Amino acid sequence: MDKTILVILDACRFDAAKRNLGYIESLIDYKKGAKYRLWGELPSLSRTMYATMLTGLPAWQHGITDNEVNFTLTCDHLFSLCRRAGGVTAAASYGWMSELFDHGPFDLVRDRYQLESEGNISHGIFYVHDDYPDNHLFADGEYLRKTYQPDFLLYHSMAIDRQGHLHGAGSVQYEKAVCEAGYILAGLLPQWLKEGWQVVITADHGMNEMGIHGGTDSAQREIPLYIFSDKVRPGRFEEQEMTGLCVAPLLCRLLGITSGEGMIHEQIL
Ligand SMILES: [Zn+2]
């Protein structure tokens, strides 16, 4: 299995990423990676999109139609497919990921640390407060990466979403949160790539100026997709129409595992 990192910057809009992720954008300019513009699925809500991005299925198919619809998915997803193929998985993420892909309901005391588990997520460190700092989240992920060397590792940060809800997209606070995630990634990415990891950086949905997401306009739907892998042709493909359904099958191809039932074949590779 080819080791792969997935970074989800919660609520990072396409235009905000372009303005603020300077180091990552420079790697695309130098053709060290590929960049696409994703048109997110609907509704552009967090729990629904976590499910969509990791199953490759639209909401009407996987059934997580709203943030309040809370059950553990039984359909194929990246964690279960990776485990079935004999791989080790890990996640440093919001507790909803544990509920969706491993077990629920989330209990902070019981479920914050799930290490050496037999479930779909072999090693997990989870948080529940939306203001959990991004530098702590990435430190959690780095602990999992260095300690367990998983095949598939998810880093899922929340500060951008938090500032977007409080102050609206386009606010100083929202832009700064994107910037700060970019600084953290600029510190980690060279090491990841040097050690041979493939890296995918994206978001679950966007955010509008009123601090809302869930709806259909481009502010709430347009998100970036950066891919760093020898298997992917480098360059800017921002005008190509891709949807959020492509992320799961893309990751299966990068990992070198069979994609799940119903995943639509993507054309990035
Ligand atoms: Zn949100």
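**Notebook: backbone exceptions, helix 10 and the nonpolar core**

I looked up Gln149 first and recorded it as exposed, because 12 other C-beta atoms lie within 10 Å and a residue with 12 or fewer counts as exposed. The model I am reading is a predicted one.

**Entry: positive phi values.** I noted that Gln149 has a positive phi of about 45° although it is not a glycine. I placed Gln149 in the loop between helix 8 (134–148) and strand 6 (152–157). I then turned to Glu116, another non-glycine residue with a positive phi, here near 55°. Glu116 belongs to the loop between strand 4 (113–114) and strand 5 (123–127). I entered Glu116 as exposed, because its count of other C-beta atoms within 10 Å is 8. For context, I wrote down that most residues other than glycine have a negative phi, and that most peptide bonds are trans.

**Entry: cis peptide bonds.** I checked omega at two prolines. Leu42 and Pro43 are joined by a cis peptide bond, with omega about -10°. Pro43 sits in the loop between strand 2 (34–39) and helix 3 (46–55). The bond from Gly104 to Pro105 is also cis, and its omega is near -5°. I located Pro105 in the loop between helix 6 (95–101) and helix 7 (108–111).

**Entry: Phe152.** I found Phe152 in strand 6. Is Phe152 buried or exposed? I recorded Phe152 as buried, because 28 other C-beta atoms lie within 10 Å, where 20 or more are required. Leaving aside neighbours within four places in sequence, I listed Thr4, Leu78, Cys82, Gly87, Thr89 and Leu255 as the contacts of Phe152. I also took the C-alpha separation between Phe152 and Val178, which is 24 Å for residues 26 apart along the chain.

**Entry: helix 10.** I traced helix 10 through its 23 residues and found that it reaches 34 Å from first C-alpha to last, close to the 33 Å expected at 1.5 Å a residue. Where does helix 10 bend? I located a bend of about 35° at Leu188, with a proline, Pro190, following within four residues. The buried residues I noted in helix 10 are Tyr174, Ala177, Val178, Ala181, Gly182, Leu185 and Leu189. Just after the helix, Gly196 takes a positive phi of about 90°.

**Entry: Trp197.** I followed the chain to Trp197, in the loop between helix 10 (172–194) and strand 7 (198–202). I classed Trp197 as partly exposed, because 18 other C-beta atoms lie within 10 Å. Not counting residues up to four places away in sequence, Trp197 touches Lys3, Thr4, Ile5 and Trp192. The C-alpha atoms of Trp197 and Arg47 are 27 Å apart, with their positions 150 residues apart along the chain.

**Entry: the nonpolar core.** I looked up the largest nonpolar core and recorded 80 residues in it. Which residues have the most contacts inside it? I listed Val7, Cys12, Ile160, Val178 and Leu251. Helix 12 (residues 247–255) gives the most to this core, with seven residues. In general, nonpolar side chains in soluble globular proteins tend to be buried together. I then examined Ile160, whose contacts beyond four places in sequence include Leu9, Asp10, Ala11 and Cys12. Ile160 is also in contact with Tyr174, Ala177, Val178 and Ala181, and I had already noted these four as buried residues of helix 10.

Conventions
Residues are numbered from 1 along each chain as its sequence is written. This is a predicted model: local features need pLDDT of at least 70, side-chain atom pairs count only at pLDDT 80 or more; totals for chains, interfaces and linings use all residues. Helices (H or I, at least four residues) and strands (E, at least two) are DSSP runs, numbered from the N terminus. Two residues are in contact if their C-beta atoms, placed from the backbone, lie within 7 Å. A nonpolar core is a set of buried Ala, Val, Leu, Ile, Met, Phe, Trp, Tyr and Cys residues joined through C-beta atoms within 7 Å. The expected span of a helix is 1.5 Å times one less than its number of residues. The bend at a residue is the angle between axes fitted to the seven residues ending there and the seven starting there.
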